[in-house]
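Here are my notes after a first pass through this one. Have it open while you read, since the points go from the whole chain down to single residues.

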Amino acid sequence: MIKIMFVCHGNICRSPMAEMITKHLLKKAGKQGEVLVSSSAVSPEEYDNPVYPPAKRALAAMGVATDKEKRAVLFTARDYNEYDLIYVMDSSNLRRVLSITDNDPQNKVQKLLKAVGMGEDVDDPWYYGGFDGVCRQIYDACQRLLEDLEILVAKK
């Protein structure tokens, strides 16, 4: 089973959106048992908080179920050892994860958008809003990621 971790600043907006979207896509394809998906934060400031309500609303608007039990957790060196692929949302998250992982000696860490050829950083809606647009950006990136990993059948 492949294990994927999504990481953002506080684990209340972007990384849980990526986690829930990826789980949604896997379920839709009948492949949820093939991948373990989780998310975490590089900052402790939102620790144990639930997913931010505007992020939940954006997911719901796209038909993606939210995990009502999801609470913000911190990314750790242990996560680095347990997960196969670690996707961060932006350059700041990348720097923090690299410092936690001793500069990624196993080459597991990438920016999500860069990994799928869609740019560099996922926009951060915490500062300007735009949760629906960020949710769409993450949805498209996760769809492409799963196709690139050959977990989902490519769109026709």
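1. Let's begin with the inventory. The chain has seven helices and four strands. Keep in mind that this is a predicted model.

2. Next, the order. Reading from the N terminus, the elements go β-α-β-α-α-β-α-β-α-α-α. The chain thus opens with a strand and ends on three helices in a row.

3. On overall dimensions, the radius of gyration is 14 Å, which agrees with the value near 15 Å for a compact globule, because the chain has 156 residues. Along the principal axes, the C-alpha atoms take up a box of roughly 40 × 30 × 30 Å.

4. How much of the chain counts as buried? The figure is 47% of the 156 residues. As for the outside, about 7800 Å² is exposed, and 48% of that comes from carbon and sulfur atoms.

5. Contacts across the sequence deserve a line too. Taking the contacts with a separation of 6 or more, 74% are between residues 24 or more positions apart.

6. Charges: the chain carries 21 positive and 22 negative ones. Their mean positions are 4 Å apart.

7. Now to single residues, starting with N11. You'll find N11 in the loop between β1 (2-8) and α1 (14-28). Its phi is near 65 degrees, a positive value, and N11 is not a glycine. Is this loop residue buried or exposed? N11 counts as buried, because its relative accessibility is 0% and the cut-off is under 20%.

8. D48 is another non-glycine residue with positive phi, here near 70 degrees. D48 also sits in a loop, the one between β2 (35-41) and α2 (53-61). With a relative accessible area of 40%, D48 is partly exposed, because that class runs between the 20% and 50% cut-offs. When you check the backbone, I'd look at N11 and D48 side by side: N11 is buried, whereas D48 is partly exposed.

9. Last, E147, which belongs to helix α7 (residues 131-148). Why does E147 count as buried? Its relative accessibility is 19%, and the cut-off is under 20%, so E147 falls in the buried class. The side chain of E147 also makes a polar contact of 2.8 Å with the side chain of Q143.

Note on methods:
Residues numbered from 1 in each chain as written. Predicted model: local features only at pLDDT ≥ 70, side-chain atom pairs only at ≥ 80, totals over all residues. Heavy atoms only, no water. Helix = DSSP H or I, 4+ residues; strand = E, 2+ residues; numbered from the N terminus. Rg over C-alpha atoms; globule rule 2.2 N^0.38 Å. Buried < 20%, exposed > 50% of the residue type's maximum accessible area, 1.4 Å probe, protein only. Contact = heavy atoms within 4.5 Å. Areas by Shrake-Rupley, 256 points an atom, 1.4 Å probe, with all protein chains shown as cover. Lys, Arg positive; Asp, Glu negative; His and termini not counted. Charge placed at Lys NZ, Arg CZ, Asp CG, Glu CD. Polar contact = N/O pair within 3.5 Å; in protein donor to acceptor, adjacent residues only side chain to side chain.
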